[in-house]
Amino acid sequence: MQKRQIGSSDLHISELGLGCMSIGTEENKAKDIITAALDNGVNYLDTADLYSFGENEKMVGKAVQGKRDQVVIGSKVGNDFDKEKGTWEWNPSPQHIKEGLKDSLHRMNLEYIDLYQLHGGTIDDSADEIIDTFEDLKQEGLIREYGISSIRPNVIKQYLERSSIVSVMMQYSLLDRRPEELFPLLDEYNVSVLARGPLAKGMLSGSAGEVVQSKGKEGFLEYSYEELKQFTEQWSQLAGTEENAKSFQYILNNRTVASCIFGASTPAQVEENIQSYEKADPLQEYLYQQMQSISKPLQYKNHRY
């Protein structure tokens with residue numbers, strides 16, 4: 001599998017990365033999912049302290065023991081949670097970030113995290129304190145690089161201008177093209193996108209029609225249910241039997257993107273996605289234009305500059 005550099009960092013990750021949120025908390029099952037990804041060329045695993053209130057990080061840590069040199073691990077911080085109560089609140093304070101990292105390293109049995117990401121962010125946060133904290137953690141060797149997971153343009157712009165982030169995780173797919181308006185700015189700062197939700201909840205997969213019937217009744221972003229049905233018909237004709245592959249290719253056609261972060265709850269789903277990616281022919285420009293023509297060039301409406 002091809003790899004791409006994250007921003008100007010020394011981190012090079014596979015064009016498909018595994019989002020670990022859906023691997024569950026049963027150790028053997030979770031390990032099988034992660035092992036299937038690693039055995040098939042994936043080297044980036046994305047988790048967060050909030051996922052399953054810390055249990056997800058434990059699953060990741062156990063699965064990579066003895067394989068640490070093969071894996072780039074990303075985690076996230078900023079949500080102060082109470083596992084017993086099942087609640088959480090936003091807390092980007094320096095103290096919480098430092099304690100959060102300490103807890104994450106303990107849960108995963110790691111000495112450092114490759115990519116540590118702020119798990120959200122608001123324009124009212126003390127950005128300078130947050131940035132200084134991440135820089136301190138980097139200097140201490142506890143993290144290699146840091147980034148932010150956000151879909152708020154005003155927050156992203158603030159970190160681009162004031163920090164040395166190397167990545168922004170954003171929801172991005174053919175059905176959610178909002179990040180594209182930010183690509184020129186991200187390129188200016190040499191910051192990469194980690195694209196989560198590349199299959200738009202399955203509405204860009206081989207089961208798109210069924211998924212739209214079950215999950216699209218209330219619409220998706222600015223698409224109504226009727227528009228989703230129309231899109232699915234056009235998408236099926238355009239992508240043929242390569243819906244998953246074409247979805248990944250559309251995203252990866254933009255060099256701002258370092259990786260498509262897909263989720264999986266079984267090893268079979270991991271292998272299906274990777275095989276689709278590997279079998280696909282390079283995306284031709286005319287097909288890329290056709291794909292854009294059947295979708296909406298959505299833009300962020302909230303949290304503008």
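**Figure 1. Ser-52, a partly exposed loop residue in a predicted model.** Ser-52 has a relative accessible area of 34%, so it counts as partly exposed. The residue sits in the loop that links strand S4 (44-46) to helix H2 (55-63). Its phi is near 55°. That value is positive, and Ser-52 is not a glycine.

**Figure 2. Helix H2 is mostly covered.** Seven of the nine residues of H2 are buried. They are Glu-55, Asn-56, Glu-57, Met-59, Val-60, Gly-61 and Ala-63. Their cover includes helix H1 (27-39) and strand S4. Strand S5 (72-77) and helix H3 also contribute to it. S4 thus appears twice around this site: it is part of the cover of H2, and it borders the loop that holds Ser-52.

**Figure 3. Asn-109, an exposed loop residue.** Asn-109 lies in the loop between helix H3 (94-108) and strand S8. Its relative accessible area is 56%, which makes Asn-109 exposed; the cut-off is over 50%. Phi of Asn-109 is near 55°, a positive value outside glycine. On one side of this loop is H3, a helix that also helps to cover the buried residues of H2.

**Figure 4. Helix H5 is largely enclosed by the rest of the structure.** H5 spans residues 153-162. Seven of its 10 residues are buried, so the helix is largely enclosed. The buried set is Pro-153, Asn-154, Val-155, Ile-156, Gln-158, Tyr-159 and Leu-160. Three strands pack against these residues: S8 (113-119), S9 (143-149) and S10 (167-171). Two helices do too, H4 (127-139) and H6 (183-188). Strand S8 links this view to the previous one, as it borders the loop of Asn-109.

**Figure 5. Gln-234, a partly exposed residue of helix H8.** H8 covers residues 225-239 and contains Gln-234. Gln-234 has 31% relative accessibility, so it counts as partly exposed. Glu-111 is 123 residues away from Gln-234 in sequence. In space, their C-alpha atoms are 49 Å apart.

**Figure 6. Helix H9 is buried at 10 of its 10 residues.** H9 runs over residues 243-252 and is mostly covered. Its buried residues begin with Glu-243, Asn-244, Ala-245, Lys-246 and Ser-247. Phe-248, Gln-249, Tyr-250, Ile-251 and Leu-252 complete the set.

**Figure 7. The whole chain, as context for the close-ups.** The chain holds 11 helices and 12 strands. UniProt, in an unreviewed entry, lists residues 15-295 as "domain: NADP-dependent oxidoreductase". Over residues 15-295, 43% is helix and 19% is strand. The end C-alpha atoms of that stretch are 23 Å apart. The radius of gyration of the chain is 19 Å, which agrees with the value near 19 Å for a compact globule of 305 residues. Along the principal axes, the C-alpha atoms fill a box of roughly 50 × 45 × 40 Å. Buried residues make up 56% of the chain. Of the contacts between residues at least 6 apart in sequence, 75% join residues at least 24 apart.

**Figure 8. Surface and charge of the chain.** The accessible surface is about 13,700 Å². Carbon and sulfur atoms account for 42% of that surface. The chain carries 32 positive and 47 negative side chains. The centres of these two sets lie 2 Å apart.

Terms used: Residues numbered from 1 in each chain as written. Predicted model: local features only at pLDDT ≥ 70, side-chain atom pairs only at ≥ 80, totals over all residues. Heavy atoms only, no water. UniProt positions renumbered as here; feature names shortened; annotations may be inferred. Helix = DSSP H or I, 4+ residues; strand = E, 2+ residues; numbered from the N terminus. Rg over C-alpha atoms; globule rule 2.2 N^0.38 Å. Buried < 20%, exposed > 50% of the residue type's maximum accessible area, 1.4 Å probe, protein only. Contact = heavy atoms within 4.5 Å. Areas by Shrake-Rupley, 256 points an atom, 1.4 Å probe, with all protein chains shown as cover. Lys, Arg positive; Asp, Glu negative; His and termini not counted. Charge placed at Lys NZ, Arg CZ, Asp CG, Glu CD.
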